[in-house]
Structure formats: structure tokens, C-alpha cells
Amino acid sequence: MKYSFLIPVYNRPEEVDELLQSLTAQSFRDFEVIVVDDGSSRPCQEVCQNYAKCLEIHYYEKPNSGPGQTRNYAAERARGEYLLILDSDVIVPPGYLEAVEQELRREPCDAFGGPDRAHASFTPMQKAINYAMTSFFTTGGIRGGRKKMDKFYPRSFNMGVRKETYLALGGFSRMRFGEDIDFSIRIFQEGFRCRLFPDAWVWHKRRTDLRKFFKQVHNSGIARINLYKKYPGSLKLVHLLPGLFTLGTAVLLFASPFCPYALLPLVLYALMVCADATRLEHSLHIGLLSVAAAFVQLTGYGTGFWRAWWRRCVCGKEEFEAFKKNFYK
């Protein structure tokens, strides 16, 4: 068997249903699907059973241990030459596997990943959050938006790896946040070849409101410091930018009562984001929501970054997370 899809899930049976439905439309058919419920109170066994006749699907349940360990559990039971790791909140286009197959035939590699997009059916808020996570003006294109990148670090929402490579690396670590970047760093450290497959993209729902989005990016900021403590060379300038933006925003807000033009940089940035998002989505409504999502993305990540920096680099505390219990709800 060529491919095994590994899908960890926690209390998201509706999303798993949509993902499995999209897998039935794949033009390339040499694959199996492994769904693992990570201690869900709303299991998706019945959903998976509905696809037993059209997919080679295997369903498992286990106590909650986080996404990384759940992927390891699935990988132990996979039979494919390549493991394709997806988050449960994605939908794959019909040509996804064909795009992966063509890239591997053209230039084989040990690991790979693809970008993400917003589906036309997503809510305006989901589209705005997608913009905030993929735009050059917010993340600098490091999530697969640029085809020419010195190194591409795949994320767990859309990641592929040769099973032999996965086993050689020992799978995912016990980190609950940033575990996919930890895995990607070890891919390069061990000398394996990793590539961006720009045409192997997925539709990614992400969070449904700004409160949940803040939790996600805040923990991402914390995870970046945890990764820095583990791999000192992994911290790049682009990772510092949200923290600098957050500090700059705080300074400008503090200065605004004393200087009438203090907020002008923030206004100009908001107008730039609004114009760009409106152009891309053909919607002023989404453009305005994208401004809010961009500020949440940058300041949420930035506050998590500085919080972890103070706790770990200044106070010498151990690794931690901010929203461990209710992050996935």
C-alpha cells in the first residue's frame, strides 16, 4: 500500500465526516485511512462506519494523550509506505493525492507538506482567520505561501513522511503544542530531505471565533520559546516579529493620550490588511474581520512568546502550556 492517512480527532465527529467524504473523491485510490479518537466524549465511530464500504478505514479509541502521541498510535498500525498526517478540521480536494504522487515521482523526498486555503463554504470569520494565518502581512508566508523557501517546515494539518523516516525519528514528541515543528526540526537535523508540495493543498477550517483563535496562537507563541529552549538555533527573525509588533502596539497605545499621531502606524497597518483581504476575498466584510483576526494573530502569538520568554528564559521554569484542558473544545 502506498499511503496511510493518519487522522487524530478530539470531539469533532462532524468535521471527520466532512474529511472522510472528501477522501472518497480522491482520483488516486491506493490508500487507507486510520482515525484515532483521543479520549473523545463525542466519539466518531458511527461516522467512520458509514464509510466502511467506500474507504479502507480503521477506527480506534484510546485515552487522551494529545495529538502527537495519537499520531504515533496511528502510525504503529499503518501499512502505507508514506504516512499522510491531517488534522480533523481539513477537507482535501479531489486531486490532492494525485498531486502528492506526481511530486514524489518528479523528485522523491523523505518528508513533505503543503499549504492550506479557505473553502468558499467557510464562514466569513473562518476566512478572515485563514487570511491572518497565511498572509505575507501576518506570517510572512512561512506556512507554504511561498514556493521559493530555503527550508519548509511542514505543519500537522497537512504533512507527509515516509514511514521509515517516521520510525527512524521516533515519531512525535510528547509536546502538546509545537509538536509538529519539533518533528520538522528533527527531520532536518537527521539529514532527511523535506520539500514543499505547493499543489498538495487542503482546505483548513481553523478556529471558528476569535477567542478560540487567540488560544491557538497564544500557545503557538509559548511553543516557540519551548522549541528555542530545546533547539537554540531554531529561533529566527520572523519568529520575533509578532512579539515586536505586540510591544510596539503596547507602546503606541500608551503614548496615544500624549501624542495625537501615535496610533497612525496601527491605522495604516489595519488599512493595508483590510485592503489586501478585501481584494483577495472580494468582500469588505471579510476585509474588516481580517483586521481583527490579524491583530489577534500577532498579539496572541506575541503575548504567548513574551510570557514564555519571561517564565522560561528569565525565571528558569520548565515547559508549559496556557490552554491545555480546553484548547480543542
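Me: Before I look at the sheet in this structure, when do two strands count as a pair?
Reply: Two strands pair if DSSP finds at least two bridges between them. Strands of a sheet pair through backbone hydrogen bonds, either parallel or antiparallel. The model here is predicted. In it, seven strands make an open sheet with mixed pairing, in the order E3-E2-E1-E4-E8-E6-E9.

Me: Which strands are the edge strands?
Reply: An edge strand pairs on one side only, and here that describes strand E3 (57–62) and strand E9 (194–196). On average, neighbouring strands of this sheet are turned by 20° against each other, with direction ignored.

Me: In which sense do E1 and E4 pair, parallel or antiparallel?
Reply: Strand E1 (residues 3–9) and strand E4 (residues 82–86) are parallel, and four bridges join them. To follow the pairing residue by residue, start with tyrosine 3, which stands opposite tyrosine 82 in E4. Leucine 6 has isoleucine 85 of E4 as its bridge partner.

Me: In which sense do E4 and E8 pair?
Reply: That pairing is antiparallel, over five bridges. Leucine 83, for example, has valine 161 in E8 as its bridge partner.

Me: How many residues of E4 are buried?
Reply: Buried means under 20% relative accessible area. Five of the five residues of E4 are buried, so the strand is largely enclosed by the rest of the structure. Look at the two faces in turn: Tyr82, Leu84 and Leu86 are buried on one side, and Leu83 and Ile85 are buried on the other.

Me: Which strands does helix H8 lie across?
Reply: Helix H8 (residues 179–189) lies across strand E6 (111–113), strand E8 (158–162) and E9, and its direction is at about 40° to E8.

Me: Why is H8 described as largely enclosed?
Reply: The reasoning rests on a count: ten of the eleven residues of H8 are buried, so the helix is largely enclosed by the rest of the structure. Among the buried ones are Ile181, Phe183, Ile185, Ile187 and Phe188, and also Glu179, Asp180 and Arg186. The buried residues of H8 pack against helix H3 (67–76), E6, E8, helix H7 (163–169), E9 and helix H9 (210–230). After H8 comes glycine 191, with a positive phi near 80°.

Me: Which residues have a positive phi although they are not glycine?
Reply: Asparagine 11 has a phi of about 55°, and histidine 282 also has a phi of about 55°. Asparagine 11 sits in the loop between E1 and helix H1 (13–23). Histidine 282 is in the loop between H11 and helix H12 (284–314).

Me: Are these two residues buried or exposed?
Reply: Asparagine 11 is buried, at a relative accessible area of 15%, whereas histidine 282 is exposed, at 73%.

Me: Which residues form the nonpolar patch on the surface?
Reply: The patch consists of Leu253, Tyr261, Leu263, Leu264, Val267, Leu268 and Leu271, and together they have about 690 Å² of accessible area. Helix H11 (residues 264–281) supplies the largest share, four residues.

Me: Where is tyrosine 261 found?
Reply: Tyrosine 261 belongs to the loop between helix H10 (237–255) and H11. A residue counts as exposed when its relative accessible area is over 50%. Tyrosine 261 has 62%, so it is exposed.

Definitions and conventions: Residues numbered from 1 in each chain as written. Predicted model: local features only at pLDDT ≥ 70, side-chain atom pairs only at ≥ 80, totals over all residues. Heavy atoms only, no water. Patch = residues over 30% accessible without salt bridge, like charges linked within 9 Å, V, L, I, M, F, W, Y side chains within 5 Å. Areas by Shrake-Rupley, 256 points an atom, 1.4 Å probe, with all protein chains shown as cover. Salt bridge = Lys/Arg side-chain N within 4 Å of Asp/Glu carboxyl O. Buried < 20%, exposed > 50% of the residue type's maximum accessible area, 1.4 Å probe, protein only. Axes fitted to C-alpha atoms, helices over the stretch in contact; angles between N-to-C directions. Contact = heavy atoms within 4.5 Å.
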